Amino acid sequence: MSRYQQEFQHATQTPETFWAEQAKRIPWFTPPTTILSYDDQQHARWFGDGEMNISHAALDYHVEQGRGEQPAIYWDSPVTQKKATITYSEMRDRVAYFAGGLQALGVEKGDRVVIYMPMIPEALVAMFACARLGAIHSVVFGGFAPHELAVRIEDAQPKVVVAASCGVEVNKVLPYKPIIDQAIELSDHKPDACVVYQREEHLAELGEGDHDWAALVEKAPYAECVPVKGTDPLYVLYTSGTTGKPKGVVRDTAGYAVALAYSMDVIYDVEPGDVFFSASDVGWVVGHSYIVYAPLLRGCTTVVYEGKPVKTPDAGAFWRLIEEYKVKSFFTAPTAFRAIKKEDPDAKLLEQYDISSLKNLYLAGERLDPPTFHWLDDLLDVPVIDHWWQTETGWPIAANLPGLEPMPTKAGSATVPVPGFDVQILDRDGEQAQAMEQGSVVIKQPMPPGSLVGVWGDPQRFHSAYMAAFPGYYLTGDGGYFDEDGYLFIMGRTDDVINVAGHRLSTGEMEEVVGAHPAVAECAVIGIHDELKGQLPVGLVIPKDGFDGDEATLEKELIARVRDQIGPIACFKQVLVVNRLPKTRSGKILRKLLRNIADGKEFGVPSTIDDPTSLEDVHGAMRDRSVGASDKATPV
Ligand code: COA
Ligand code: AMP
């Protein structure tokens, strides 16, 4: 049996002994005696009676171990032309004083703090400061509009909001304070205070209840780490589900820390002192896990990059960063490399840089499409590793594991299930699928440490969204199959979640926004294939009877609505007014059929369709407006 197989079997057959062993990877105040327990609904809970603090494990502990002078963070911001290096001891102190400031504002263990910040070191300081106090942070991605921020504030009910005065995108400065003020106005819940980190690029005007970060820290006492139980929540991170309301994924503390520490060894193959660069954003799960917590838990240096793969200043940005900081493991989304490939197809810019420090390249956030895999594989001398995971799992479910046993890669596959994740494929009836047979990808309970422990404030939704479909299994929402060698292929979502430039979005949520327009009778938003961003949303809209306005104006208004209410990252830029939508006789819109047409595939006319001519109508409208590859779609 291979090393991987042994480890996988150990983790699957005797999870308690396996994870008790892995728990030794992190420093505890009180080591756990109970490794695995179950809540009322039979969901796994890990390390319940252990006590620790992740801020201690990731910062203070390393200083105690003599890493105080090692850089914890390299901050690199081409959009502001600034850079900074922060050592472990500086980081610990910044975190401890900011935590003291939060304490002075009344933040205590269990309180929520919403963080709305761009890719600056202070975002990490704020997250670790919350963790230090046992407070629960909820970071909201800066590309979300006030309405989305308001939904999260209302749900998480934070005592304090921590923000920066602005974000900086390519050639534009985005003031954050007006977004926060508007969000708080929209929300029924009003936080007690808002702390603003003032950036030179734009100073925010502070009003009543607002506190300047620097002034707060100046007066703050040094806060020590508050011991928390293994199962105490560390954060709530909202992610798109199938309905309009995002789900607040709740992550515990110790299970997460243990899982991340394990992954840094077996998946990411890094040692203390190595440099780890994840080009994501702190607002996403990849940012939480692999910009903030995992690299520092492992004693690595993390690169915090406020820039883009292209245009800041060019498609050589990532190569420059790898050379400059001697990055050993690099992680980004396939869409970023598609953008680089578009601008620099022969990778001429790579010739200017020495990237010999790089040992492995990791991609996730969406499927690594075979053309991008081959482009990278031909270009680089290092393994190109597609690995699959979700906000809910917090760390990879399937990956190649170079730190345990490197395996040959296969284009289009995320390789094999990571020890701890008993991945299975079930058909519609809940029966095990054969090799090569596509079905629902599920994970047999118990879920390993690090996986979500609930949906904030809604235990019922946790159960109904993830656990109810196939009792005894967690439903990932992805479809896929195993090949004959046991390699896992993830082929896309089976629900209404789409993936735009590595960002997870809900078409259901966009439909709610579009459908709320007074002139709209009915609508469908579908995700269609896009060469660069993977998918893009397209709206199909039936106006109300008697609508006599201008269709082009309505389309523009709907685009503006989604941008204003969800945010620019939704990339909702195409709407079509149509007369009818194809539906089943029971009234369900045939979304998959619409997607197939837009993607230029062959499509059959289902026997359940109510009115086959509606399909011809929509296909014609899509062709006229050049939606996707609809001109290539043919009925069979
Ligand atoms: N704050 C505010 N606005 C933001 C933002 C942020 N943090 N991030 C993106 N936006 C805005 C952009 O400015 C843009 O606005 P515009 O419509 O006014 O131009 C819009 O949202 C869409 O942005 P984006 O999806 O980034 O498109 P792009 O064309 O500017 O860039 C890529 C394309 C592929 C380079 C970019 O999407 C990218 O780097 N993707 C990688 C994403 C990633 O790493 N995801 C991690 C998941 S693991
Ligand atoms: P998020 O929760 O934003 O990380 O998005 C998770 C979803 O992104 C998954 O359910 C998948 O649909 C998709 N995804 C992420 N990584 C991969 C991958 N390596 N291969 C295929 N799909 C992926």
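**From helix α1 to helix α16 in a predicted model**

The buried residues of helix α1 are covered by elements that include α2 (15–22), α9 (254–266), β22 (416–417) and β23. The model is predicted. Helix α1 itself comprises residues 3–13, and its buried positions are Tyr 4, Glu 7, Phe 8 and Ala 11. These residues lie on the same side of α1, because the arc they cover around the axis is only 100°.

Strand β23, one of the elements that cover α1, also belongs to an open sheet of four strands. The order in this sheet is β23-β24-β26-β27, and the pairing is antiparallel. At its edges stand β23 (422–426) and β27 (488–493), each of which pairs on one side only. From one strand to the next, the twist averages 50°. Within the sheet, β24 (residues 439–444) and β26 (residues 473–482) are joined in the antiparallel sense over five bridges. In this pairing, Gly 439 stands opposite Gly 480 of β26.

Further along the chain lies helix α16, formed by the 15 residues 551–565. At 1.5 Å a residue these should span 21 Å, and the end C-alpha atoms are 21 Å apart, so the expected and actual spans agree. Which residues of α16 are buried? They are Leu 554, Glu 555, Leu 558 and Val 562. Since their arc around the axis is only 100°, these residues are placed on the same side of α16. Lys 556 and Asp 564, in contrast, are exposed on the other side of the helix. The partners against which the buried residues of α16 pack are α15 (507–515), β30 (520–530), β31 (534–543) and β32 (574–577). Just after α16, Gly 567 adopts a positive phi of about 135°.

These elements may now be placed in the chain as a whole. The protein chain contains 18 helices and 34 strands. Its radius of gyration is 24 Å, close to the 26 Å given by the globule rule for 636 residues, and the chain is therefore as compact as a globular protein of that length. The C-alpha trace spans about 70 × 65 × 60 Å along its principal axes. Of the 636 residues, 61% count as buried. Among contacts in the protein chain with a separation of 6 or more, 71% are accounted for by residues 24 or more positions apart.

Notes: Residues are numbered from 1 along each chain as its sequence is written. Chains are lettered from A and ligands numbered from 1 in the order in which they are written. This is a predicted model: local features need pLDDT of at least 70, side-chain atom pairs count only at pLDDT 80 or more; totals for chains, interfaces and linings use all residues. Side-chain values use heavy atoms; hydrogens and water are left out. Helices (H or I, at least four residues) and strands (E, at least two) are DSSP runs, numbered from the N terminus. The expected span of a helix is 1.5 Å times one less than its number of residues. Buried means under 20% relative accessible area, exposed over 50%, partly exposed in between (1.4 Å probe, protein chains only). The arc is that of the directions from the helix axis to the C-beta atoms. Contact means heavy atoms within 4.5 Å. Two strands pair if DSSP finds at least two bridges between them. Axes are lines fitted to C-alpha atoms, for helices over the stretch in contact, and angles run from 0 to 180 degrees between N-to-C directions. The radius of gyration is taken over C-alpha atoms; the globule rule is 2.2 Å times the number of residues to the power 0.38.
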